[in-house]
Amino acid sequence: MVYLTQGKPVFSILCEAYQGLEDILYLYNNHDELLKMFQNFIYNGEDSSLKQKRINYAKKYSFENVLKQADKILQELTPHLT
């Protein structure tokens with residue numbers, strides 16, 4: 001997440017936790033795919049809009065936003081306490 005907050009490219013093995021993030025992460029299934037993906041990245045770079053997409057995604061998980069979500073859930077679960 002630290003790299004995403006800075007818009008940095010992230011290479012990772014494809015796993016269930018990253019499903020749906022193929023547009024902002026470099027996900028691979030095996031070593032050969034990683035090497036090809038990394039080589040393509042080094043030689044061709046990447047779309048400049050990816051940096052901002054990564055930053056925007058990471059903002060959803062900022063400490064402030066996580067606390068807001070927790071507060072919202074607590075209010076929904078305990079309306080009699082407000």
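These questions and answers walk through a predicted model of a protein.

Colleague: Which elements does the protein have, and in what order do they run from the N terminus on?

Modeller: The model is predicted. Its secondary structure comes to 4 helices and 2 strands. Read from the N terminus on, the order is α-β-β-α-α-α.

Colleague: What radius of gyration does the protein have, set against a compact globule of 82 residues?

Modeller: Start with the box. The C-alpha atoms fill roughly 60 × 25 × 15 Å along the principal axes. A compact globule of 82 residues would have a radius of gyration near 12 Å. The value for the protein is 17 Å.

Colleague: What share of the 82 residues is buried?

Modeller: Look at the surface as well. The protein exposes about 6500 Å², and carbon and sulfur atoms supply 57% of that area. Buried means under 20% relative accessible area. By that cut-off, the buried share of the 82 residues is 20%.

Colleague: Which residues make up the largest nonpolar core?

Modeller: In soluble globular proteins, nonpolar side chains tend to be buried together. Here the largest nonpolar core has 8 residues in all. One of them, Leu 21, is in contact with Leu 27 and Tyr 57, leaving aside neighbours within four places in sequence. The members are Leu 4, Val 10, Leu 21, Ile 24, Leu 25, Leu 27, Tyr 57 and Ala 58.

Colleague: Is Arg 54 buried or exposed?

Modeller: Arg 54 sits in helix H3, residues 49-59. Beyond four places in sequence, Arg 54 touches Leu 4, Gly 7, Lys 8, Pro 9, Ile 24, Tyr 26 and Glu 46. Its relative accessibility is 0%. The cut-off for buried is under 20%, so Arg 54 counts as buried.

Colleague: Is Ser 12 buried or exposed?

Modeller: Ser 12 lies in strand S1. Not counting residues up to four places away in sequence, Ser 12 touches Tyr 18, Tyr 26, Leu 27 and Tyr 28. Its relative accessibility is 14%. That value makes Ser 12 buried.

Colleague: Why does Glu 22 get the label it has, and what is that label?

Modeller: Glu 22 is in the loop between strand S1 (11-13) and strand S2 (26-28). Outside four places in sequence, Glu 22 touches Leu 14 and Leu 27. Buried is under 20% and exposed is over 50%. At 45% relative accessible area, Glu 22 is therefore partly exposed.

Colleague: How many Å apart in space are Ser 48 and Leu 27, C-alpha to C-alpha?

Modeller: Ser 48 is in the loop between helix H2 (31-44) and H3. Ser 48 is exposed, with a relative accessible area of 69%. Leu 27 belongs to the largest nonpolar core. The two are 21 residues apart in sequence, and in space the distance is 18 Å.

Colleague: Among contacts between residues at least 6 apart in sequence, what share joins residues at least 24 apart?

Modeller: A contact means heavy atoms within 4.5 Å. Take those contacts in the protein that join residues at least 6 apart in sequence. The share joining residues at least 24 apart is 48%.

Colleague: How many Å apart are the mean positions of the positive and negative charges?

Modeller: The protein has 9 positive and 10 negative charges. Each set has a mean position. The distance between the two is 8 Å.

Technical notes: Residues numbered from 1 in each chain as written. Predicted model: local features only at pLDDT ≥ 70, side-chain atom pairs only at ≥ 80, totals over all residues. Heavy atoms only, no water. Core = buried A, V, L, I, M, F, W, Y, C linked by side-chain atoms within 4.5 Å. Buried < 20%, exposed > 50% of the residue type's maximum accessible area, 1.4 Å probe, protein only. Rg over C-alpha atoms; globule rule 2.2 N^0.38 Å. Areas by Shrake-Rupley, 256 points an atom, 1.4 Å probe, with all protein chains shown as cover. Lys, Arg positive; Asp, Glu negative; His and termini not counted. Charge placed at Lys NZ, Arg CZ, Asp CG, Glu CD.
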